[in-house]
Amino acid sequence: MAHGHTVKRYSGLMDWLTTVDHKKIGILYLIAGGFFFLLGGLEAILIRLQLWKPLNDFVSPDTYNELLTMHGTTMIFLAAMPLLFALMNAIVPLQIGARDVAFPFVNALGFWTFFFGGVLLNVSWFTGGAPDAGWTSYVPLASTTYSQNHGVDYYVLGLQISGIGSLIGGINFLVTIINMRAPGMSFMRMPMFTWTAFITSALILFAFPALTVGLAALMFDRLFSANFFEVANGGNVVLWEHIFWIFGHPEVYILILPAFGIISEVISTFARKRLFGYSSMVFATMLIGFLGFMVWAHHMFTTGLGPIANSLFSIATMLIAVPTGIKIFNWLFTMWGGSIRFTAANLFAVGFVPTFVMGGVTGVMLAAAPADFQYHDSYFVVAHFHYVIVGGLVMGIFAGLHYWWPKMFGRILNEGLGKLTFWTFFIGFHLTFFVQHFLGLLGMQRRIYTYQDGLDFNLMNLISTVGAILMGIGTIVFLVNVVVTWAKPKNAANDPWEDGRTLEWSIPSPAPEYNFVQTPLVRGYDALWKEKMDGNKGMTPAEPIGPIHMPSPSILPFVMSLGLFVTGLGLMYNFVFAGIGLLITFGCMFLRSVFDDHGFHIEPEELQDKGVKA
Amino acid sequence: MSAHTHVDGQLPHEPEKATLEGRNKVLGFWLFLGGETVLFGTLFAAFLALRNQVGDGNPTSQELFDLGLVGLATFILLTSSLTSVFSIQAMHKNQVKPMLIWLAVTVLLGASFLGLEIYEFFHYVHMGHGYTTSAFSSSFYTLVGFHGAHVAFGVTWITILIFQVLKKGLNTVTAPKLYVAGMYWHFIDVVWVFIFTVVYLMGKVA
Amino acid sequence: MAGNHSTSEHQGGRHKVEGPQKHIIAYIFSLVLTLLAFTMVAAGEINTMFTYILLLVMAGIQVYIQMAFWMHMKDRGHMYATVGILTGVFVVFTMVVMAEYWVWW
């Protein structure tokens, strides 16, 4: 029997500001992450414009430092992670047969804290200078002695606030995947994207607190004259590097593992073939996650840790190539003998494989500590990480977006424009970054605003800039695709690719508010494919039709995050505002604790009539 | 998930785990504590790295720490962890009044711990051990201060919960909140075991 | 006091409700370990490295007792909790190695 709660429903802007629905939150992450991706991309274009010829003066050295810092920080924290969270939010609950995540309110809070953290970081452009000490913000450069304006303060506070969002997102997905899988979905029957979301969430849980402490220590040094990194008073600058990279290295696995999951889904769907070596894929993902916590000092080979430390970290780093290689071969073996269809999504996925391998092998080169003494702080490193992050992660995101767009929006992205996006972006990418390997080997340092003539750097820098512009064009083609598709009617089928293997393709596109009319019964891995092969039209329900309990929308996540934003500004300019901001945030927590949300019910009569089984 | 307050007129045996939401909260909080382990661990690592950077003329840990005061604070916090166990046991027996009394005792003991710690910090500042004195002092106050802030948050949280139960009663919605607050309180005592061992006791030894 | 002093009670014949004994014993153990640690340091004459090791071992035991009994970690249904905490401990272990060996040289 339904409880007599008045159903609180908003529409328009208020609907989006108060939503706790994972599907809408996924779209919010997509829009915000997409916006910051464009911002980071603009910063990249400006960098490349400055570097297209020697001794250029397109931007000043100080501005250049701000651009490179913001480009890295924005792309990693405000674009890549949110875009991954977008797909995780949109798809993981559907893949496990759940109606939402474990903590819908906290999910919304995670989005708004990320958003306001990102806004705070970018306010710095307008208030006297963006952070300019690199996305790694090494001390003593980042200390008040050498960075006097508020730039680095914006970095510290913006990331601290954004980081809260990531951490709670991680906990949310862990609990969701552990506790809310549909009946019959054991861990070893979960889709690979869900598995990688799971391991990634564990990495987030254990890596972000280290960043929290590091940022807090830097903030205390800068704002309250603490001495963590103040050498004159006994502080130590290598300590910052350690703490940062103990977070930083797992962070890059946080970035790539979900992309690996996407590739597994897309390749097997468009090869019409079961993923090869599923168990070894799961095990390899766990191993990569575990080893990811043991290699951080390979970013610090040249600091003087000594040969024992350098050897240990060298070997541990090279070890990660083994489970990664297992994954590469499994993708190849999945395609071998399959019936392959090169949709735009699959072009990105297949293009990912050789590109990521290229990035991976330069990683093994960098892992050799003695060799790294030559590569360190050169463009060779820049080439490596862009190959794995852009050639890997960003291509994975494009693949996932094209693949899951109909599930999120009810329309399929235009295939022709999608293929054009792929080719312009792919060719542009390789033009930009392949030459950078050689620039590094020729001795061009990274993070320099210009270079001398006559060093043989000129032509390759020019090619690199041309490639960047081509990537920009590819991105614009994608945006055009989004707009053009928006005008089309919302008429995608449940299973628009017709070869869907997993549960999200068993429900309408876009997914209805409650996801599943009845929670499905899972009878094997690739749950939907199994039903198809057994001649069934869809999933067998695991429960009778009944009223569906939904969580209520709330404005509190938005207000709480706004409070943190005010606190951040207050810590820099006026402690009274910091107090007010904290009061707002804690006040909202108080309200949330005291006024319980009993949710509301959707009655069976209101449910859509699509294949409902009694 | 509807909030079944009682089954057969009785509160379920482990009311915090009787609903999916309750189970989610308990599991989510355990995972959060895993993250908190890394948070405090990082603060410990920073302290360990900087513990000898006292600076010339500044008081050392041997000179600063008074084992009697720290011992008393430890005893108080340890006892408060026991009283919070008793409150959860009363909750499982649906004995609301004893539960609330044990929670109130826990809050009082926690507040006393904080009072002692504030007094202790004032004393150190007078001895020349301020926040900005040295790397040792900054890392000391940050580590111990973060713990104290966690105690303060816990004291506030449990107080709010006491008033909530007085108003709403004990049911499958309020039970997970109480259980999770109890977990939090135990955890900060666990962290304190490491703080008194590593910071105070090992600091007092040569 | 927290209910009767009997070891267990039955409510409607459905389940056992535990008494406070185990927890009070855990408290006493914690108290004893704490007192031992403090007196060892206050006495002052013992070798430094031995003191450090003993202090850490006693802390470890006390933490285990508190988490196993007061936080029910040794009871069934706590696998994820245990894995979560142990993973955190593993990460912290790498940080302690870092702090001891790779910050000053």
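**Exercise 1. Describe how helix H5 (residues 135-168) and helix H6 (residues 174-204) of chain B pack together.**

Step 1. The axes of H5(B) and H6(B) are 10 Å apart, and the angle is about 160 degrees. Here helices (H or I, at least four residues) and strands (E, at least two) are DSSP runs, numbered from the N terminus. Axes are lines fitted to C-alpha atoms, for helices over the stretch in contact, and angles run from 0 to 180 degrees between N-to-C directions.

Step 2. That angle makes H5(B) roughly antiparallel to H6(B). Angles under 35 degrees count as roughly parallel, over 145 as roughly antiparallel, 65 to 115 as roughly perpendicular and the rest as oblique.

Step 3. The crossing of the two is left-handed, that is, the near helix is turned anticlockwise from the far one by less than a right angle, whereas clockwise would be right-handed.

Step 4. Their contact has 17 nonpolar, 5 polar and 2 charged residues. Ala, Val, Leu, Ile, Met, Phe, Trp, Tyr, Cys and Pro count as nonpolar, Asp, Glu, Lys and Arg as charged, and the others, Gly among them, as polar.

A note before going on: this is a predicted model, in which local features need pLDDT of at least 70 and side-chain atom pairs count only at pLDDT 80 or more, while totals for chains, interfaces and linings use all residues. Residues are numbered from 1 along each chain as its sequence is written, and chains are lettered from A and ligands numbered from 1 in the order in which they are written.

**Exercise 2. Do the same for helix H7 (residues 237-270) and helix H10 (residues 321-335) of chain A.**

Step 1. The two axes come within 9 Å and cross at roughly 15 degrees, so H7(A) is roughly parallel to H10(A).

Step 2. This crossing is left-handed.

Step 3. From H7(A), A:Phe260, A:Ile263, A:Ile267 and A:Ser268 meet A:Lys327, A:Trp331, A:Thr334 and A:Met335 of H10(A). By class, that gives 5 nonpolar, 2 polar and 1 charged residues. Two residues are in contact if their C-beta atoms, placed from the backbone, lie within 7 Å.

**Exercise 3. Is A:Ser339 buried or exposed?**

Step 1. Find A:Ser339 in the loop between H10 and helix H11 (344-367) of chain A.

Step 2. A:Ser339 has 9 other C-beta atoms within 10 Å, so this residue is exposed. The cut-offs are 20 or more such atoms for buried, 12 or fewer for exposed, and partly exposed in between.

Step 3. Leaving aside residues up to four places away in sequence, A:Ser339 touches A:Ala271 and A:Arg272.

**Exercise 4. Which neighbours does chain C touch, and with how many residues?**

Step 1. Toward chain A, 11 residues of chain C contact 13 residues; on the chain C side these are 8 nonpolar, 3 polar and no charged.

Step 2. Toward chain B, 41 residues of chain C contact 40 residues. H3(C) gives the most to this side, with 14 residues.

**Exercise 5. Where in chain C is the prediction least confident, by mean pLDDT of its elements?**

Step 1. Chain C has 3 helices and 2 strands, in the order β-β-α-α-α.

Step 2. Strand E1 (residues 8-10) has the lowest mean pLDDT of these elements, 41, and H3(C) the highest, 95. pLDDT is the predictor's confidence in each residue, from 0 to 100.

Step 3. Over residues 1-14 of chain C, pLDDT stays under 50. Where pLDDT is low, the predicted coordinates should not be read in detail.
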